[in-house]
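Work through the exercises below with the sequence and the model open. Each task is followed by a solution in steps.

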Amino acid sequence: MQRTVRVVAPLGFRLQAQPLVQSRPFSSVQDGLRRTPLYDFHLAHGGKMVAFAGWSLPVQYRDSHVDSHLHTRRHCSLFDVSHMLQTKIFGCDRVRLMENIVVGDIAELRPNQGTLSLFTNEAGGILDDLIVTNTSEGHLYVVSNAGCRDKDLALMQDKVKEFQNRGLDVGLEVVDNALLALQGPTAAQVLQAGVTDDMRKLPFMTSAVMEVFGVSGCRVTRCGYTGEDGVEISVPAAGAVHLATALLKNPEVKLAGLAARDSLRLEAGLCLYGNDIDEHTTPVEGSLSWTLGKRRRVAMDFPGAKIIIPQLKGEVQRRRVGLICEGAPMRAHSPILNTEGAVIGKWSRMGTLAGRVSWIGLLSWQSGVNLWPMPGQVQ
């Protein structure tokens with residue numbers, strides 16, 4: 001995931017351990033799917049709603065999938081990603097807690113700096129990918145995947161309870177904000193018209209709390225899941241429709257749905273948890289070794305380190321790589337053969353690339369050849 005950093009209202013230091021707090025869910029619908037605060041807004045703008053990770057979300061709008069994809073590459077698009085799980089971890093021992101369950105070096109993060117990291121298990125498998133931000137308000141802001149919501153929340157809550165039982169100062173709160181992603185080369189220019197902060201002073205993977213087009217208490221983060229410049233905005237639910245409406249007044253901005261989001265991230269070589277990586281994939285096999293903090297590698301103090309660290313120095317039997325091909329599309333999970341006809345891997349995902357090349361897939365490669373390094377991987 002590549003997914004995406006955001007935060008809510010400022011919190012001061014908590015001097016005593018606090019109980020777990022869960023927020024109320026967004027409104028539910030009769031068929032059991034949850035709705036984001038923008039559900040009616042999507043319908044009014046021609047959104048074609050589908051079920052995704054327990055939520056009703058737009059797969060596309062009146063424009064075609066390819067048109068949305070190309071508009072994002074050339075201008076900018078607005079995505080509703082409010083289904084993502086947003087949490088705050090606070091207390092004096094919050095960094096220590098987070099480093100007990102992720103592979104990244106959270107302690108080295110500067111105020112309002114974020115990093116992509118991974119929850120791992122003791123076998124070295126990836127439980128989920130997430131973004132952790134060290135906010136200047138005295139808490140960590142965590143964003144993880146909606147499809148892993150239950151297990152991610154349980155993992156963090158269990159660790160909080162364990163720390164609290166040991167007398168350590170930690171707490172957890174689920175954030176009930178909407179989350180909007182404005183992605184594309186003109187995104188910063190569009191947003192600048194609605195904020196007083198200088199967007200040029202907000203580099204990649206940093207964030208700031210600000211008023212955005214009249215909505216206060218928003219956290220704007222320079223990040224995204226498309227391979228383009230852009231921001232993600234954690235906005236109070238009551239202000240989500242106002243903010244989306246204000247952004248759409250700029251002709252540079254169009255709405256985009258899940259279909260474009262998937263093809264854009266595929267084109268950029270970014271992971272989708274459950275398709276390209278899962279609990280049976282290690283960070284090294286998933287071409288995500290760059291998420292392992294240098295200090296953490298030496299200390300070997302994260303879950304699965306005894307499995308993962310030796311893989312950094314040796315060979316692995318499989319690795320996630322990209323493959324570009326021409327002609328008819330390959331179906332997901334189809335075998336990949338070498339010129340002798342032997343199976344050397346399989347497709348895990350494929351998608352159109354809007355005319356740039358025919359098809360692209362992410363696969364587990366069973367040889368020493370790396371055809372297309374993933375982001376962050378040394379070629």
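**Exercise 1: an enclosed space**

Task: Sort the lining of the second largest cavity into nonpolar, polar and charged residues.

Solution. The model is a predicted one. By class, the lining of the second largest cavity has 6 nonpolar, 1 polar and 2 charged residues. To check this, list the lining: Leu57, Pro58, Phe79, Asp80, Val81, Ala256, Gly257, Leu258 and Arg261. Next, place these residues on the fold: β3 (55-60), β4 (76-80) and α7 (258-267) each give two or more residues to the lining. Now assign the classes. Asp and Arg count as charged and Gly as polar, while Leu, Pro, Phe, Val and Ala are nonpolar. Asp80 and Arg261 are in the lining, and so is Gly257. The space in this cavity is about 40 Å³.

**Exercise 2: a covered strand**

Task: Determine how many residues of strand β8 (residues 139-144) are buried, and which residues lie on each side.

Solution. Start with the count: 6 of the 6 residues of β8 are buried. Then separate the faces. His139, Tyr141 and Val143 lie on one side, and Leu140, Val142 and Ser144 lie on the other. Both faces are therefore covered, as buried means under 20% relative accessible area. For the whole protein, 57% of the 379 residues count as buried.

**Exercise 3: the partners of the strand**

Task: Which strands are joined to β8 by bridges, and in what direction do they run?

Solution. Take β5 (residues 85-90) to begin with: 6 bridges join this strand to β8, and the two run antiparallel. One pair to find in the model is Ile89 with Leu140. Then take β7 (residues 126-134), which is joined to β8 by 5 bridges, also antiparallel. Here Leu130 has Ser144 as its bridge partner. Last, follow the chain from β7 to β8: the two form a hairpin with 4 residues between them. In the turn, Gly138 has a positive phi of about 90°.

**Exercise 4: cysteines**

Task: How many disulfides does a search of the whole structure find, and are Cys148 and Cys271 buried or exposed?

Solution. Recall that a disulfide is a covalent bond between the sulfur atoms of two cysteines. The search of the whole structure finds 0 disulfides. For burial, the cut-off is under 20% relative accessible area. Cys148 has a value of 5%, so Cys148 is buried. Cys271 has 6% relative accessibility and therefore also counts as buried.

Note on methods: Residues numbered from 1 in each chain as written. Predicted model: local features only at pLDDT ≥ 70, side-chain atom pairs only at ≥ 80, totals over all residues. Heavy atoms only, no water. Buried < 20%, exposed > 50% of the residue type's maximum accessible area, 1.4 Å probe, protein only. Disulfide = S-S within 2.5 Å. 1 Å grid on protein atoms, 1.4 Å probe; cavity = no way out; pocket = protein on both sides within 12 Å on 5 of 7 lines; lining within 4 Å. Points joined across faces, edges and corners; volume = space filled by probe spheres on them. Pairing = 2+ DSSP bridges.
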